[in-house]
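Hi,

Here is the structure I promised to pass on. Have a look at it first, and my notes follow underneath.

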Amino acid sequence: MRVSRYLLATLKESPANAEVLSHQLMLRAGMIRRVAAGVYNWLPLGLRVLRRVETIIREEMDRAGAQEVLLPAVQPGELWKESGRWEEYGPELLRFTDRHQRDFCIGPTHEEIITALIKNEVRSYRQLPANYYQIQTKFRDEIRPRFGVMRGREFIMKDAYSFDVDPAGMQQSFDAMHGAYTAIFTRMQLQFTSVQADPGAIGGNFSSEFHVLADSGEDAIATCPAANYAANAELVPLPPPAEQRPPPGAALEEVSTPGAATITDLCAACGTTPERTVKTLLVKGEAGPVALVLRGDHDLSLVKAEAVAGVRTPLQFADAAEVQAAGAAKGFAGPPGLAVKVVADHGALQLADFYCGANRADMHYKNANWERDMPLPEAADLRKAAAGDRCPAAGGGALEIRRGIEVGHIFQLGQKYSRAMNATCLNEAGEAVPMFMGCYGIGVTRLVAACIEQNHDERGIIWPAPLAPFDVCLVPIGYHKSPAVRQAADALHQSLTKAGIQTLLDDRNERPGVIFADMELIGIPRRLVLSGQTLDKSAAEHTVRRSGETEMLPLDGLVEELRRRVQASPR
């Protein structure tokens, strides 16, 4: 491929609205362009990477015995009503009516469609186990799409669905997909981990997430190498501390804290630290707001909060009117005197002589104590795990926290959808039983961004060889001035391409510095430079993008040498 005939739309500067590094580099490298919030065009360079991701996924899914299908993006609302998710899924489900006023949606996922299909095609346990997958565009109407394709509204996903006659078969299918996912991300040369996770809106009894490890990751991953333990920090069980709460040591005081509506502001105003404070979060409940109380330096786990009796799911914070009706002022809520149910995290219940909101604007309490100044509330595990917390696994030590980008999620659905939609098959005894299902997703477009977050430097992207848009970029210096350079470059380009080496020939009439900068930005693993000087030595300058290692390679046998090196790269 010649750059002069290729849409290489690189940018020198990062657009102002690009928040994370992968978004910046994908725009600068000319991989994507924004169409609307969370919706992107994929340009030729980006699409080549996307197709390489899809190829690896297909090969490993096929190897695991899954069969590829293609299901419709537009789904009838009646199927979602049958499963019970039409209202349950929430505003992320883009609903619409056709000209006949029939309900439809744009599929964010395909459990209903695949269940409706298989219940009419599978009759007997003899047809099981079975696994069907697709790679297709999805749409979820995110309230705040951000980070480019990392959290878009329209995206490409690989989703697969397994069907078995019993729980043991479902477990085997789940394990097979766990192995396939491990193979996929290993082939992509990504640093990743799998962790116990929350099934969320998909449902089911058990799920695991696969995370690409990166400092920019949205998710906190709690790990303990000693116990080989890993889980989403939202899910780690944190028992009550063994130590007893200290007795009160000082009298309760009311202090003026103008504008101190956050823990940071409160600490600055009062000269204290977050671990000596509590924060009170009011969330919507089934019978009115519920107050959730945590230590000031701890973060609320949304998953754990949704498990509190009386809290509405999905979790929503109370609005200003509800906060006022509860007897508090927004930003200054505290446990004393609240006219709602109060649930406190174990860590908050360990404190004595702490700061908390006084339920009046610009006011806090100092030296507040449980039981003396307010009733002891219901206790619960409400917070995310933090570095240094005790690992819950046997033989574990202190937890470490790493950041991860979720790129895959696999679920044991059980009979959630098959029961609701009457998807049965005959077992060995001739009885009609609801099938046991599994669900397995990979964010294909998100994987591209996650790879960049893990593979870059100050000059641009550094693609792992299996995902690179091209294997080699060929840079002839003086292509438009020297017939010898042009002839050698054209011949080498033709030979490399014929040998199956994906090669990008930069034949633009640009300064070498511009060309080198663009090639480093787009991150092709290997660069070959031809010039009058290298031709005098009957050689080409070869540079590895990741290491920067440069060497002169003889033109005689160059194609075979490069083919050997490219093929030696894991794919």
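Before the notes, one cut-off: a residue is called buried when its relative accessible area is under 20%, exposed when that value is over 50%, and partly exposed in between. By that rule glutamine 415 is buried, because its relative accessible area is 17%. Glutamine 415 sits in the loop that runs between strand E20 (400-414) and helix H11 (416-420). Leaving out neighbours within four places in sequence, glutamine 415 has contacts with Ala420, Pro434, Met435 and Phe436. Keep in mind throughout that this is a predicted model.

**Overall picture**

The protein has 571 residues, and 53% of them count as buried. Its secondary structure comes to 16 helices and 30 strands. The C-alpha trace spans about 90 × 70 × 55 Å along its principal axes. If you take the contacts between residues at least 6 apart in sequence, 68% of them join residues at least 24 apart.

**Cores**

Which residues touch the most other members of the largest nonpolar core? They are Met31, Ile57, Phe185, Met188, Leu447 and Trp463, out of 64 residues in that core. Tryptophan 463 has a long contact list even without residues up to four places away in sequence: Met31, Val49, Val448, Cys451, Ile452, Ala468, Pro469, Ile522, Gly523, Ile524, Pro525 and Arg546. There is another core apart from the largest one, with 24 residues, including Leu282, Ala348, Phe354 and Met374.

Three of those tryptophan contacts, Val448, Cys451 and Ile452, also turn up among the buried residues of H12. Helix H12 (residues 444-454) is mostly covered, with 11 of its 11 residues buried. Charged and polar side chains are on that list too, among them Arg446, Glu453 and Gln454.

**Salt bridges**

A search of the whole structure turns up 40 salt bridges. In general, side chains of opposite charge can pair when their charged atoms come close. Here are some I looked at.

- Arginine 51 and glutamate 54 pair at 3.0 Å, N to O. The two are three residues apart in helix H2 (residues 44-63), so about one helical turn separates them. The helix geometry fits: an α-helix has 3.6 residues a turn, so residues three or four places apart point the same way. Arginine 51 is partly exposed at 41% relative accessibility, whereas glutamate 54 is buried at 6%.
- Arginine 52 and aspartate 471 pair at 3.4 Å, N to O. Arginine 52 is in helix H2 and aspartate 471 is in the loop between strand E25 (460-461) and strand E26 (472-476), so this bridge ties together parts that are 419 residues apart in sequence. Both ends are buried, arginine 52 at 17% relative accessibility and aspartate 471 at 6%.
- Glutamate 458 and arginine 459 pair at 3.2 Å, N to O. Glutamate 458 is exposed, with a relative accessible area of 69%, and arginine 459 is partly exposed at 34%. Through shared partners, salt bridges join Asp457, Glu458, Arg459, Glu520 and Arg545 into one network.

**Empty space**

Rolling a probe the size of a water molecule over the atoms shows where empty space is left. How many cavities of 30 Å³ or more does the search of the whole structure find? It finds one. The largest cavity holds about 90 Å³ of space. Its lining is made up of Val20, Phe147, Met150, Arg151, Ser216, Gly217, Glu218, Asp219, Gly404, Ile405, Glu406 and Arg446. By class that is four nonpolar, three polar and five charged residues. E20 gives the most to this lining, with three residues.

As for pockets, I have details on the second largest one, which has a volume of about 340 Å³. It is lined by 19 residues, and the closest to its centre are Ala261, Thr280, Leu281, Gly331 and Phe332. Helix H7 (263-270) and strand E14 (278-283) are the elements that give two or more residues to the lining. E14 has the largest share, five residues. The lining divides into 12 nonpolar, five polar and two charged residues.

That's the tour. Happy to talk it over whenever suits you.

Cheers

Technical notes
Residues numbered from 1 in each chain as written. Predicted model: local features only at pLDDT ≥ 70, side-chain atom pairs only at ≥ 80, totals over all residues. Heavy atoms only, no water. 1 Å grid on protein atoms, 1.4 Å probe; cavity = no way out; pocket = protein on both sides within 12 Å on 5 of 7 lines; lining within 4 Å. Points joined across faces, edges and corners; volume = space filled by probe spheres on them. Helix = DSSP H or I, 4+ residues; strand = E, 2+ residues; numbered from the N terminus. Nonpolar A, V, L, I, M, F, W, Y, C, P; charged D, E, K, R; others polar. Salt bridge = Lys/Arg side-chain N within 4 Å of Asp/Glu carboxyl O. Buried < 20%, exposed > 50% of the residue type's maximum accessible area, 1.4 Å probe, protein only. Core = buried A, V, L, I, M, F, W, Y, C linked by side-chain atoms within 4.5 Å. Contact = heavy atoms within 4.5 Å.
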